[in-house]
Amino acid sequence: MIAVTGANGQLGQLVLKALQAKTPEETIVGLVRQQKNEEVVTSLGVEARHADYNQPATVRDALIGVTKLLLISSSEVGSRASQHKAVINAAKDSGVELLVYTSLLRADTSPMILAQEHKETEQMIKDSGIQAVILRNGWYTENYTQGAATAVATGAVVGAAGEGRLNTASRADYAEAAAVVLTTQGHAGKTYELAGDEGYTLADLAAEIARQSGKPVQYQNQSKESYLEFLTTVAGLPKPFAEILADSDACAAEGALAESSKTLSKLIGRPATSLAESISASL
């Protein structure tokens, strides 16, 4: 039986759908941290189980009969390591045979703030002795294209990535990769650096939005500090989240989100979703 944590989330739901195309529904379990979210999973035709990271007993109970587990990284930055540890320990206690984890592109060497908890989690998985696969996912293209309509309205894409190239991929691409690893053989012990096939700059992003919308859109590059102020004062984001985004853009300017191996497309057996396709879907 295959279990997926965070199954009610955006990536989790896509993983469940990808798994349904590859294996019988009755062999899939969706784990949710709050029982109120079970309906999201059951509406997809998948069994839902309650697994609260802060209540380890619920995680152990949820893993009864599970042989393969996809641990989708927690959304609570700052608490991820301890929450992931609870899942890893429960997986070991429950006899899970294969643990698949969604990490970050080059987590072991990345300068991004977000990399630290991923690095810690990868080490905890290694120390657990459980057979594992590490999926080091690059940035979601949706992180940028979700603002396409705003860019059209304001005439600007704002960021701090300079001329850094971004090899992003869609959530659906990463979900497909997870489903492949969970349903085929030969992946245990491997670490995959996953990213989109074709890199682009934020200036390229602005140009493609302009092309598809027929409206003038320019890229406005800012310093990390100015971008942080923009995110908090103009975009209205909470400062801790804004700091992560500003840091990520600044690191991207130095190549932290560039990856040319095309490992993702090789793994899923098709080209990764292009920037143009993602912008079209967003607009």
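Helices and strands here are DSSP runs, numbered from the N terminus. Counted that way, the protein has 13 helices and 9 strands. The model is a predicted one, so everything below describes that prediction.

Start with the overall build. The C-alpha trace spans about 55 × 35 × 35 Å along the principal axes of the protein. The radius of gyration is 19 Å, which agrees with the value near 19 Å that a compact globule of 283 residues would have. Half of the chain is tucked away, in that 50% of the 283 residues count as buried, meaning under 20% relative accessible area. What remains open to the outside adds up to about 12500 Å², and carbon and sulfur atoms supply 48% of that exposed area. Contacts also reach across the sequence: among those with a separation of 6 or more, 75% come from residues 24 or more positions apart.

Next comes the sheet. Strands of a sheet pair through backbone hydrogen bonds, either parallel or antiparallel. In this protein, 7 strands make up an open sheet with parallel pairing, and reading across it gives the order β3-β2-β1-β4-β5-β6-β8. At the edges sit β3 (47-50) and β8 (191-194), each of which pairs on one side only. From one strand to its neighbour the sheet turns by 20° on average, with direction ignored. The β8 edge can be followed down to single residues: β6 (residues 132-137) pairs with β8 in the parallel sense over 4 bridges, and I134 stands opposite T191 in β8.

Helices pack against this sheet. One of them, α5 (residues 115-128), touches β5 (98-104) and β6, and its direction makes about 160° with that of β5. Another, α8 (residues 171-183), lies across β1 (2-4), β4 (68-71), β5, β6 and β8. The angle between α8 and β4 is about 160°.

Finally, there is a helix pair to look at. Two packed helices are described by the angle between their axes and the distance between the axes. For α10 (residues 224-234) and α11 (residues 239-252), the angle is about 145° and the axes are 9 Å apart. The crossing of α10 past α11 is right-handed. On the α10 side, the contact is made by K224, Y227, L228, L231 and T232. The α11 side brings in K239, A242, E243, L245, A246, D247, D249 and A250.

Definitions and conventions
Residues are numbered from 1 along each chain as its sequence is written. This is a predicted model: local features need pLDDT of at least 70, side-chain atom pairs count only at pLDDT 80 or more; totals for chains, interfaces and linings use all residues. Side-chain values use heavy atoms; hydrogens and water are left out. Two strands pair if DSSP finds at least two bridges between them. Helices (H or I, at least four residues) and strands (E, at least two) are DSSP runs, numbered from the N terminus. Axes are lines fitted to C-alpha atoms, for helices over the stretch in contact, and angles run from 0 to 180 degrees between N-to-C directions. Contact means heavy atoms within 4.5 Å. The radius of gyration is taken over C-alpha atoms; the globule rule is 2.2 Å times the number of residues to the power 0.38. Buried means under 20% relative accessible area, exposed over 50%, partly exposed in between (1.4 Å probe, protein chains only). Accessible areas come from the Shrake-Rupley method with a 1.4 Å probe; for residues, only the protein chains shown count as cover. A crossing is left-handed if the near helix is turned anticlockwise from the far one by less than a right angle, and right-handed if clockwise.
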